[in-house]
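Trainee: I keep meeting labels in structure descriptions and I'd like to know what earns them. Can we go through one together?

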Amino acid sequence: MFTIILTIQKFDDRIYIKQVLSHILEFINRSPEWPSIIHNRILNLKEVQTNCINQVRKTATQIQKGAIKELLDNINIASPEFLAKTMGLHEVV
């Protein structure tokens with residue numbers, strides 16, 4: 001699984017974040033653990049996190065923002081140490 005994540009991260013951040021965001025609802029419904037893992041990786045890298053925040057702010061629908069908010073809440077419940085890392089993204093959802 002992590003080989004796939006590392007492969008995805010070799011692509012331009014904006015490209016893979018755009019694809020994750022555009023399919024976030026389907027992604028969450030079909031495989032709830034994967035979006036959490038990918039968002040944990042996004043949150044761990046400041047530059048990627050900034051790209052994600054900017055894309056969510058500019059392009060995400062209210063429905064996508066709601067799904068991301070729920071995902072971030074679940075990440076914070078499972079791993080409270082991520083709270084500081086999720087704050088920036090929480091502000092735009």
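Mentor: Sure, and let's begin with helices: they are DSSP runs of H or I with at least four residues, numbered from the N terminus, while strands are runs of E with at least two. Gln49, for example, sits in helix α5. Keep in mind that this is a predicted model, where local features need pLDDT of at least 70, side-chain atom pairs count only at pLDDT 80 or more, and totals for chains, interfaces and linings use all residues. Residues are numbered from 1 along each chain as its sequence is written, and side-chain values use heavy atoms, with hydrogens and water left out.

Trainee: Is Gln49 buried or exposed, and how do you know?

Mentor: Buried means under 20% relative accessible area, exposed means over 50%, and partly exposed is in between, with a 1.4 Å probe and protein chains only. Gln49 has 6%, so it counts as buried. Leaving out residues up to four places away in sequence, Gln49 touches Ile42, Leu43 and Lys85, where a contact means heavy atoms within 4.5 Å.

Trainee: What about Ser79, in the loop between α6 and α7: why is it called what it is at 18% relative accessibility?

Mentor: Put 18% beside the 20% cut-off: Ser79 falls under it, so Ser79 is buried. The C-alpha atoms of Ser79 and Asn40 are separated by 9.8 Å, although the two are 39 residues apart along the chain.

Trainee: And what makes His39 in α4 count as buried or exposed?

Mentor: Its relative accessibility is 0%, so His39 counts as buried. Apart from residues up to four places away in sequence, His39 touches Val20, Ile24, Leu71, Ile75 and Leu89.

Trainee: How do you know whether the span of α6 fits what's expected?

Mentor: The expected span is 1.5 Å times one less than the number of residues. Helix α6 (residues 62–78) has 17 residues and reaches 24 Å from first C-alpha to last, close to the expected 24 Å. Do likewise for α5: with 14 residues it reaches 20 Å, close to the expected 20 Å.

Trainee: Which helices do the buried residues of α6 pack against?

Mentor: They pack against α2, α3, α4, α5 and α7. Leu71, Leu72 and Ile75 are among those buried residues. In α6 these three meet Pro35, Ser36, His39, Asn40 and Leu43 of α4. That contact divides into five nonpolar residues, three polar and no charged. Here Ala, Val, Leu, Ile, Met, Phe, Trp, Tyr, Cys and Pro count as nonpolar, Asp, Glu, Lys and Arg as charged, and the others, Gly among them, as polar.

Trainee: What do you call the arrangement of α4 and α6, and why?

Mentor: Axes are lines fitted to C-alpha atoms, for helices over the stretch in contact, and angles run from 0 to 180 degrees between N-to-C directions. The axes of α4 and α6 come within 10 Å and cross at roughly 80°. That makes α4 roughly perpendicular to α6, since under 35 degrees is roughly parallel, over 145 roughly antiparallel, 65 to 115 roughly perpendicular and the rest oblique.

Trainee: Last one: what makes something a nonpolar core?

Mentor: It's a set of buried Ala, Val, Leu, Ile, Met, Phe, Trp, Tyr and Cys residues joined through side-chain atoms within 4.5 Å. The largest one here has 23 residues, and Ile17, Ile42, Val56, Ile68 and Leu89 have the most contacts inside it. Helix α6 gives the most to this core, with five residues.
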